[in-house]
Amino acid sequence: MSEGVIDEVVDEQLVIPGSLPLLPVRDVVVFPFMIVPLFVGREQSINAVDSSLTRDRLIFTATQKDPANENPGPADIYESGTVSMIMRMMKLPDGRVKILLQGLARGRIMGCTQSTPSYIVDIKKIKEKTTDEIPLKVEAMMRNVREHLEQLASLGKVVFQEIMMVVDNIKDPGRLADLVAANLGLTLDEGQSILETLDPVVRLDLVSGFIAKELQVAEMQASIQTQAKEEMDKTQREYFLREQMRAIKAELGEISETKEEGEEFRDKIKAARLPEEAEKEALKQVERLEMMHPDAAESALIRNYLEWIVDLPWSVHTKDMLDLVKAKKILDTDHYDLEKIKERILEYLAVRKLQKKTKGPILCFIGPPGVGKTSLGKSIARSMGRKFVRISLGGIKDEAEIRGHRRTYVGALPGRIIQGIKQAGTSNPVFMMDEIDKMGMDFRGDPASALLEVLDPEQNNSFSDHYLNLPFDLSKAMFIMTANMADPIPGPLKDRMETIYLPGYTEEEKLQITKKYIIGRQLKEHGLTKKHFTLPDATLKKIISEYTREAGLRNLEREIASLCRKVARKVAEGETKKTVIQAKDLPKYLGPPVYVPDLEKETNVVGLATGLAWTAVGGEILNIEAIIMPGRGQLTLTGHLGDVMKESAQAAVSYARSRAADLNIDTDFKHIDIHIHVPSGAIPKDGPSAGITMAAALISALTRKPIKNGIAMTGEITLRGRVLPIGGLKEKSLAALRAKTRTIIMPDLNEKDLVEIPEDVRERLTFIPVKHMDDVVDAIFRKKPRAKPKTTSKPMTTRRRKEARA
């Protein structure tokens, strides 16, 4: 036997050996003379129980320092513990063991002699001090502890009657301290501190402090419960009295259903926390309702009016999530790129964090269909922690749709704004109004003019709906408008909004969005997983370039959905092999390519020039043809052209005639006819930016020189040949990139707009800024077009700089 290990006798009958199996316990401290049931589930602990039962049923219990540790070692267990005896043992169906344990004596671990299959430790029994005579002070402490325990039991603390009887008969202060501590529900640290305290008097004093604290908590808890019960009793008493009073008045005929309804409305008005003016009007209408007969026609109108008032969130608002890092993460997760819009939202949140009374911004997203305007609004609401509500203004012609109807009309309702606020249930939602550019007007009023008050930060804090006829504060809401075009929006309305343009996506951006968002969403909607279906990047690029040609993503998503449906059919028919659709297999699934790149159809053709146009759905390529034939000097224009394009064609002819000698044109204009045609004649076309394109096609036909394939151009021309600036350069650049064009001739005054074009797009294009038509002619007939040497322009690409130096 190792050094320091001795045998002791307990109750003159039981011999405690020097080494015992170790049972680590958690969530409990076992005290001497304490009987406690334990569930044993760890394999090592079960082995310790089995080892104890095969010997003398004695086992050493010690508490773990960390209850969450599933495999504690000797260093993870307190050294001080209790020598215990297993009184009963029962094996459970789930493999665990339930034992009934009784603590016998304090002990200390002196060393570990075995670690498998269970821990065997050397122990030293700790002999406690005993006294034959108890001093008066200790006797007083013992009585104090007994009284406190009785008070705890009277206040609702679960203390068994048997324990109270045993406590009254204990004369030893140490044993009294252990028994009380075992039934107080102390924390592990408090229980362990009592177990490690060897002096009985000190231990009793420690327990006295714990029980005094527990008594104070119990008294406070009882006081709270008593107070709550009194309040509840008072409320119930008042309720019963009111009900009795109401029943008595009903019997006497002094109360009616209208009175009851009025009381209900008063309670709702009080709970709604209305502004002073709204509350005054609501109570006035309640009084009118109470004086009316329930079957009166006007009572239904007043009832509906009051229900709208009490249901509106006058003082309800959601708390903004002002964690900028988290908000940015949500915006980045939901949408690819769109950095300008994300930055604007984060700036608002930053200001909101510093200034709590900031008014909500009023934004307008303008861009082609399918670029994510509506979904962006939902992401903004999610990133700010606000409710989202959306209405569509397309086709609205009645002012009452915005401001509501007067209550004098049958079936009158508040306008779309108030309805949306009620739907959101909060006064500060993210409020999206779609298709603001598609509103109309007729004899019933102009909805766009009605929106002026809604979207004016200086006025919308007291927006008055015709139905409510009460001011409602809309300044806390964040309004977001969407439109495809900016031109149809009235100037005063546009002036109240902060406009942000979403021009469309490049092929590379579409590829990334498809991989990150569209494919996963379509797989989920069609019940597929990545184990069933894969689209390589080459396949996606071919779908983007040859099966869709749009600024947005809607047609692209339709094509992906079409592929998913075909794969879903295969899976439903029992095919288990993974489908990988290669680019060469696309015609089998989607049919022949819909689009062939425009500039690959023709190669260096005389009289053919490629222009760039802006439409409501993004930029487009525009091929313009010109031919010369014998005739009498007539000019023919075809292709469903508008007046502005016809005037541009006439200006181009006049310029060519005036510069015939400089351009080496030896044709007599009196004996020829000129025909300028723009294909896709069923589509109306108009705008000034095709001027230089028409002039270039005409000069090419007159000089019989072909324009080099791969050049697109845009710009307005004057009679003297000056090239005037145009709009939509960003959209036109994206259209050129989609059509595999690499060189763009543009007005020199538009060079400042290059900063709006994404850097990766600028790097893949060569921009040639021109001031005069002579510069255009010089660029289109040179074998290798070169950029104008203008190094001061920041957006000039690397390629342009090299060509400029050349």
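This passage walks through the sheets, aromatic pairs, charged contacts and salt bridges of a predicted model. Residues are numbered from 1 along each chain as its sequence is written, and side-chain values use heavy atoms, with hydrogens and water left out. Because the model is predicted, local features need pLDDT of at least 70 and side-chain atom pairs count only at pLDDT 80 or more, while totals for chains, interfaces and linings use all residues.

A good place to start is the open sheet of seven strands, in the order β20-β21-β19-β18-β22-β25-β26 and with mixed pairing. Strands here are DSSP runs of E with at least two residues, helices are runs of H or I with at least four, and both are numbered from the N terminus; two strands pair if DSSP finds at least two bridges between them. The edges are taken by β20 (635-638) and β26 (766-770), each with a single partner strand, so one side of each has no neighbour in the sheet. On average, neighbouring strands of this sheet are turned by 25° against each other, direction ignored. Within the sheet, β22 (residues 711-713) and β25 (residues 743-747) run parallel and are joined by three bridges; A712 has I744 in β25 as its bridge partner.

Two helices accompany this sheet. Helix α23 (residues 691-703) packs on it, touching β18 (608-615), β19, β21, β22 and β25, and its direction makes about 30° with that of β19. Contact means heavy atoms within 4.5 Å, and the angles, from 0 to 180 degrees, are taken between N-to-C directions of lines fitted to C-alpha atoms, for helices over the stretch in contact. Helix α22 (residues 643-658) lies across β19 (618-630), β20 and β21 (672-677), and runs at about 145° to β20.

An open sheet of five strands follows the order β10-β11-β14-β9-β15, with parallel pairing. Here β10 (388-392) and β15 (498-501) stand at the edges; each has a single partner strand, so one side of each is left without a neighbour in the sheet. Neighbouring strands of this sheet are turned by 20° against each other on average, direction ignored. Strand β9 (residues 362-366) runs parallel to β15, and four bridges join the two, with F365 standing opposite I500 in β15. Across β9, β10, β11 (430-434) and β14 (478-483) lies helix α12 (residues 373-384), running at about 175° to β11.

The aromatic side chains come next. The structure holds three aromatic pairs, where rings of Phe, Tyr and Trp (its six-membered ring) pair if their centres lie within 6.5 Å, and planes under 30 degrees apart count as stacked, over 60 as edge-to-face and the rest as tilted. One of them joins Y305 and Y467 edge-to-face, at 6.0 Å centre to centre and 65° between the planes. Y305 belongs to helix α9 (residues 297-311) and Y467 to the loop between β12 (463-464) and β13 (471-472), so this pair ties together parts that are 162 residues apart in sequence. Both count as buried (under 20% relative accessible area, with exposed over 50% and partly exposed in between, using a 1.4 Å probe and protein chains only): Y305 has 1% relative accessibility and Y467 has 4%. The pair of W314 and F472 is tilted, because the ring centres are 5.0 Å apart and the planes are at 55°. W314 sits in the loop between α9 and α10 (324-334) and F472 in strand β13, so parts 158 residues apart in sequence are tied together. W314 and F472 are both buried.

Charges also meet rings (NZ of Lys or CZ of Arg within 6 Å of the ring centre and within 35 degrees of the ring normal). R407 lies over the face of Y305, 3.9 Å from the ring centre, and K705 lies over the face of F781 at 5.7 Å.

Finally, the structure holds 27 salt bridges, each a side-chain nitrogen of Lys or Arg within 4 Å of a carboxyl oxygen of Asp or Glu. Among them, E298 and R288 meet at 2.4 Å, N to O. E298 is in helix α9 and R288 in helix α8 (residues 276-291), so the pair ties together parts that are ten residues apart in sequence. In another, the closest N and O atoms of D332 and K328 are 2.9 Å apart; these residues are four apart in helix α10, about one helical turn.
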